[in-house]
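Reader: Hi! I am new to reading structures and would like some help with this one. Could we go through it together?

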Amino acid sequence: MEKSIFIETPPSFSFRSTVYSHGWSELAPFSLDVENWRLSYVFRDAGGGVPAVMSEAERGIRVDVSRKNFDGEKITLDLRHIFRLDDDLAGLYEAIVGHERLNWVAEKQAGRLLRSPTVFEDLVKTICTTNCSWALTKIMVSNIVEKLGAGMFPTPEQMAIVDADFYRTEVRAGYRSPYFVELAEMIAGGRLDPEGWLTTDLPTAELKKEMKNVKGVGDYAAENLLKLVGRYDGLALDSWLRSQFYKNHNNARKCKDTKIERHYKKFGLWRGLVIWCDMTEKWFVDR
DNA sequence: GCGTCCAGGTCTACC
DNA sequence: GGTAGACCTGGACGC
């Protein structure tokens, strides 16, 4: 039995631009059907997995849920969170006025970065992106979802009951394996609360420091997480972003990070989002 | 088939 | 605080 719900979206929202905002739509339990423009995700409520298929609708998002009874209030909150429907991007669009190269951002209503229902899930996924190919990231996340969450992203408690050997042999997480055990145990034991990062009053620099206390989270991972919790004043430079900057702004020649930082300084608190949009334009224009 | 390199980096020891 | 070396894995590439 399938049930549909409708989520109203703000005028500046684009379903496709949000889905294409970064690679998260390719990571389980998300899956993307590009031909029919449907994004799937397996949400979680007290009754277990809630498989949902999301698609564009007039002034909103249509969500088809393939479970008869589910916690509609919880799923709606999750949907608003992952699509960032309550984020105000007016400051971004103001910051890029007059920068011809970035006109497309407002035209395509880009800038909302798709995220997971929990910061914990985004944290684990971000660690899976470090020091490996995107293909391996997908393998690790898929193994975590299938082997620990039975199709859903596992809870910290579910991730804490297995040991590092499990992550090594079953997840293929390599040296990250003990990091996942430690992280899951800290959250399950109440010693770390990543969800609090969404609402903390800590200055960005201090929040970044707190994030880096998690094993496996360095500068890149922390700045990526900062963007996902709504703070855009870090560039989150990784090898891919650097290579794109070299191609687009430096005649394909390598340069120091300080040059990249100088280039985006003028965008102030929005610079992390501006560099991301600037480097991913091709994804939106080609599609 | 095999060896090497590298990818959406981070940690630790050492200076 | 800065830096070198180690760290897992899988795919691409050259031979």
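Reader: How far from a base nitrogen of DNA strand B does a polar side-chain atom of Asn131 lie?

Author: Good place to start! This is a predicted model, in which local features need pLDDT of at least 70, side-chain atom pairs count only at pLDDT 80 or more, and totals for chains, interfaces and linings use all residues. Residues are numbered from 1 along each chain as its sequence is written, chains are lettered from A and ligands numbered from 1 in the order in which they are written, and side-chain values use heavy atoms, with hydrogens and water left out. A polar contact here is a pair of N or O atoms within 3.5 Å (within protein, one must be able to donate a hydrogen and the other to accept it, and residues adjacent in sequence count only if both atoms are side-chain atoms). For Asn131 and the base nitrogen of DNA strand B, the distance is 3.1 Å.

Reader: Which part of DNA strand B does a backbone N or O atom of Gly218 lie 2.8 Å from?

Author: Compare Ser133 to begin with: a backbone N or O atom of Ser133 lies 3.2 Å from a base nitrogen of DNA strand B. For Gly218, the partner atom is a phosphate oxygen.

Reader: Which helix gives the most to the surface near DNA strand B?

Author: A residue is near a strand if one of its heavy atoms lies within 4 Å of it. Helices (H or I, at least four residues) and strands (E, at least two) are DSSP runs, numbered from the N terminus. Helix H11 (219–228) and helix H12 (239–249) each supply at least two residues of this surface. The one that gives the most, with 3 residues, is H11.

Reader: What share of the atoms of DNA strand C within 4 Å of the protein belong to sugar or phosphate?

Author: Let's meet the neighbours: Asn131, Leu136, Arg172, Gly174, Tyr175 and Arg176 are the residues around DNA strand C. A side-chain N or O atom of Arg172 is 3.0 Å from a phosphate oxygen of this strand, and a polar backbone atom of Tyr175 is 3.1 Å from a sugar or linking oxygen. Bases make up the rest of those atoms of DNA strand C, while the sugar or phosphate share is 71%.

Reader: Which kind of base atom of DNA strand C lies 3.2 Å from a polar side-chain atom of Arg176?

Author: Arg176 is one of the residues around DNA strand C. Its polar side-chain atom lies 3.2 Å from a base oxygen.
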